[in-house]
Structure formats: C-alpha cells, structure tokens
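Trainee: I have a model to go through. I want the reason behind each label.

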Amino acid sequence: MKVISWNVNSIRTRLERVLGVLERHQPDLLCLQETKVTDEDFPHTALANAGWHAHVHGQKTYNGVAMISREPLEEVVCNFDDNPVPEEARIIRATCQGVRVLNAYVINGKEVGCDKYVRKLAWLDALTQTMKAELAEPRPTVMLGDFNIVTDDRDIYDADGWRGKILCSDEERARLQSFLSLGMVDLHREQTSEAGIFTWWDYRGGAFPRNMGMRIDLALGNPSAAGICTDVGVDRDERKKGDWEAKPSDHAPLVVVLKTS
DNA sequence: ATGGTTGGTCGCCAA
C-alpha cells in the first residue's frame, strides 16, 4: 500500500496539482495538511468525480487536514482529547487496509519562547498521549505529516545557523524523541542515513533552486509498520515543477510504501 | 537580523 503525506498549502489553489499527484502516484491514501478550507467548501465533488473518497477535518483560512483514498476509510477520528488548542484543525486519523494512520499538522511555533511555541510544545505533549493510546493496538500504525521539527544536522541546509532556533530547538526535538520512546521509528531514516534530503523549501530567496531546505515532513511507524515498510521517498519534482506558471506548494510529497497482504 | 514569497482574504496574519 502506498501512503503519501503532503502539505498542500491550500487545496483550493492547488486542486489540479492534487489531482495530478493522485493520478501520477495512484496512492491508496493521500494525507494532506494545510488544506485551509472549511469542510463545507472542500472540493468534494472534483475528487469524487476522479474516483476518490475524502475524509476531512478543516477550518476557515488556517490549518486543516484531509485523508483522500481509493476505498472508504474506517474508524475515522478528527482531533484528539485533551487538545490544548481544540479549535485548530490539525489532526485526523483513520484505518486503511488494516493500517492505522495518523495525519498531523504540527504547530509551527514561529519563534522559540513565544506563545505559539509554548502551544506547540503543549500540543505535541498531548499528541504523545494520543499516540500512546493508539499504540496499545498491535496493528501496523503510522503517524505522518508536517511535524515542523528538524530532527538533526543532516536534515537542514544550515545546521549551525539554525541551531537552537525554531524548528531546531532541543525542546522540540525532545518531543520528537518522546514519539520514538514509545517505540516508533523514523521510517525515512530506516531507508537512508544520507544528509540533505529535504521536504520543504521557503518560497523566498530562491531557496529551492539553491537547495536551502529542511526535512520537516516525517513518517513515523511502530515496529509492525517498520517491518513492512519497503520504501520512503520525496517527490522532489512536485516542488520543482511550476516555476511561475503552475505554482507548487512549498512542501514536496513524502511517499511511503508498505507491504500489506 | 532581516529577508521576502505565498495564501486567504481584502488589512493584515501565518508560514
């Protein structure tokens, strides 16, 4: 089964690209972040006409997550209990072909120490509790999405310049470690230890052509999921395409392949 | 440190 995670940065602006990714990759499941649309205004019809099911958890203007699949998903849950920011639509989970999938859009945090940063850490702490409860089930479980955290120096173009700053602080990395302490592994890092694999490039300053990026979109899996994960890769072409005529998202899709029976 | 681009929405906020 193929699962893709992609911060689409507005599904309405990039609907044609979403349809293109679905057509090109033929995934079983596409997990989107930053759909930036209410459930009412989500382009349900266009996706249904192309043969896809969509489960959505959105809001006006900001955030928003969605799961788009060939077959209907099971056990769909929006949001999570004890969320310190319940009004922000940042997580949706569902079961696809027996695999539990959590699709998360982690708070950016803006700057270390500010109120948004404090909320980011609290939200991640609460998510850890939800993750722990999910892992009580022995089935393959994957959490993927835009984590807005750079794991280590290999995952950013200028590690020294960013050290301790937002996305790279010890406190954020400790929250990432807490997921690993639950037994989850970074499925991408199971495949390669190579430095300079990025999933996001700033729109500003020609960051993409200069490859000034970061790996902040991740796929974590429990041992059961890791055991059947055969490939993880970044669809860099999707970020590349589009110079000025067909605008890309600032994130590239992260493609995860699991060998399900 | 600022930079400076994009999206939603229409004066800015967020990333």
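Trainee: What does the side chain of Asn79 reach, and at what distance?

Mentor: The side chain of Asn79 reaches the backbone oxygen of Pro86 at 3.0 Å. A polar contact is a pair of N or O atoms within 3.5 Å; within protein, one must be able to donate a hydrogen and the other to accept it, and residues adjacent in sequence count only if both atoms are side-chain atoms. This is a predicted model: local features need pLDDT of at least 70, side-chain atom pairs count only at pLDDT 80 or more, and totals for chains, interfaces and linings use all residues. Side-chain values use heavy atoms, without hydrogens and water.

Trainee: Why does Asn79 count as buried?

Mentor: Its relative accessibility is 15%. Buried means under 20% relative accessible area, exposed over 50%, partly exposed in between (1.4 Å probe, protein chains only). So Asn79 counts as buried. Asn79 sits in the loop between β5 (74–78) and β6. Leaving aside neighbours within four places in sequence, Asn79 is in contact (heavy atoms within 4.5 Å) with His57, Pro86, Ile91 and Arg93.

Trainee: How do you know that the span of helix α3 agrees with its 20 residues?

Mentor: The expected span is 1.5 Å times one less than the number of residues. For α3 (residues 115–134) that gives 28 Å, and the end C-alpha atoms are 29 Å apart, which agrees. Helices are DSSP runs (H or I, at least four residues), as are strands (E, at least two), numbered from the N terminus.

Trainee: Which elements do the buried residues of α3 pack against?

Mentor: They pack against β6 (91–96), β7 (99–105), β8 (141–146) and α5 (170–181). Among those buried residues are Trp123, Leu127 and Met131.

Trainee: What makes a nonpolar core?

Mentor: It is a set of buried Ala, Val, Leu, Ile, Met, Phe, Trp, Tyr and Cys residues joined through side-chain atoms within 4.5 Å. The largest has 23 residues; Leu29, Met67 and Val101 have the most contacts inside it. A second, separate core of 21 residues includes Phe80, Ile91, Met131 and Ile149.

Trainee: Which residues come nearest to DNA strand B?

Mentor: Of the 16 residues around the strand, Ser10, Thr13, Lys116, Arg204 and Lys247 come nearest. A residue is near if one of its heavy atoms lies within 4 Å. Sugar and phosphate account for 79% of the strand B atoms that come within 4 Å of the protein.

Trainee: How far is a polar side-chain atom of Lys116 from a phosphate oxygen of DNA strand B?

Mentor: The distance is 3.0 Å. For Arg12 it is 3.4 Å. An N or O atom in the side chain of Arg14 is 3.2 Å from a phosphate oxygen of DNA strand B.

Terms used
Residues are numbered from 1 along each chain as its sequence is written. Chains are lettered from A and ligands numbered from 1 in the order in which they are written.
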